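Could you walk me through this one? I'm new to it, so plain words please.

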Amino acid sequence: MLITRLQQELAALEQAGLRRRRRVVTGPCGPLQQLAGAEQPRLSFCSNDYLGLAGHPALAEALAEGAQRWGVGSGASHLVSGHSQVHEDVEQGFARWQSAHIPQAAGLLFCSGFMANMALMTALGDGQTTIFSDKLNHASLIDGARLADADVRRYMHGDLAQLERLLQRCNTPQRLIVTDAVFSMDGDLADLPALLRMAEQYDAWLVVDDAHGLGVLGAHGHGSLEHFGLHSERLVWMGTLGKAMGVSGAVVVAHATIIDWLVQRARPYIYTTGMSPALAQALLASMELVESQEGAARRQHLQQLIARLRAGLSALVQQHPHWSLPDSVTAIQPLVVGSNEDALRLSATLEQSGVWVPAIRPPTVPAGTARLRFTLSAAHTQAQLDQLLAVLDTLEKITS
Ligand SMILES: *Cc1c(COP(=O)(O)O)cnc(C)c1O
């Protein structure tokens, strides 16, 4: 019986500290998050809303205006009748953002980053291709590569020497190097300049997933290509729009010919209803904010919060030799504690003090590296961060 079998599997997950549960929040995304059934809001360090735009009034207003002007639903796929002028404007806006980095840049909107990565891997990774993928790449890149006709080679996280050996041995006519720009569970940056040099040397494309870089990295918030000052027609860039951009969806920017190919061949683009045009209108407002003085001020405030949290976590790790703090310069700051039980226990202890930090466990991260994953937002105040640090300080006393 399927139900009985699944119940047994669920019980086994529970036993291993791996059963996942959703929490119901009863208000908008923000530093203070109200949970259903809880009296006090939690101070949240969970979201990917790095610039604090998800609940920004300018975006809510643009969304409402967009719904009035364009309606709520697009009504069809982009290739049938669901592609509005406002979608077009967003695509052109993002193409302009990357035009200093990618020649003849064009953009293509997707309903989610997961679908954009599926589209890229399957449409570019044909039977003539080998995909070279970092072991810590996002699940959507891994699954997309599995679904593609291409040969897939995974290299150890950041191991450029191994990648080079694999490239030397490769004999397919086309090669695709695929990487997260900021790794989502560790917060470290990929060495994109070195990866691009390797792509040039071995005649490969470089696909960059900038889910955690767009909005945050670069002087204008254009993301990792701006941060590193890269320029090449080998670059295929993907940014998600539900993180720092505060909305939802994703955009791919690449040479116009690649974009045209995706329109012809990418099934996750072709066979799905177009993004709501109202969301596209909100995205225009978000893009304007990210590039504005306010956007720059938000990025600067975020950097200050990151430095302060790292200092606090470094002090904590000194007290706990089993814990470690990966080298992250981004808003993603993991505290690796090892066992699933420890991660869950610490997360529960923090929650009793009113602080919400998720415990991240396998299979999201490798076995034995369960962690608390703190994410910061420009919406956090210094005082809220100090509150977190004070709670972490008591944790030290409880566990040592
Ligand atoms: C979140 C994320 C995605 C998926 O984007 P969605 O828009 O949430 O589907 C893809 N890649 C990375 C690295 C991510 O962190």
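**Cysteines, a sheet and a helix**

Me: How exposed is C111?
Reply: A residue is buried under 20% relative accessible area, exposed over 50% and partly exposed in between, using a 1.4 Å probe and protein chains only. C111 has 30% relative accessibility, so C111 counts as partly exposed.

Me: How many disulfides are there?
Reply: This is a predicted model, where local features need pLDDT of at least 70, side-chain atom pairs need 80 or more, and totals for chains, interfaces and linings use all residues. Residues are numbered from 1 along each chain as its sequence is written, and side-chain values use heavy atoms, leaving out hydrogens and water. A disulfide is a pair of cysteine sulfur atoms within 2.5 Å. By that rule, the count is 0.

Me: Which cysteine has the sulfur nearest to C29?
Reply: C29 is in no disulfide. The nearest cysteine sulfur is 9.3 Å away, and it belongs to C46.

Me: Which strands stand at the edges of the open sheet?
Reply: Strands are DSSP runs of E with at least two residues, numbered from the N terminus, and two of them pair if DSSP finds at least two bridges between them. The sheet has 3 strands in the order β1-β2-β11, with mixed pairing. Two of them have a single partner strand each, so one side of each lacks a neighbour in the sheet: β1 (32-33) and β11 (355-356).

Me: What is the bridge partner of Q33 in β2?
Reply: β1 and β2 (residues 42-44) pair in the antiparallel sense, over 2 bridges. In β2, the partner of Q33 is R42.

Conventions. Helices (H or I, at least four residues) and strands (E, at least two) are DSSP runs, numbered from the N terminus.
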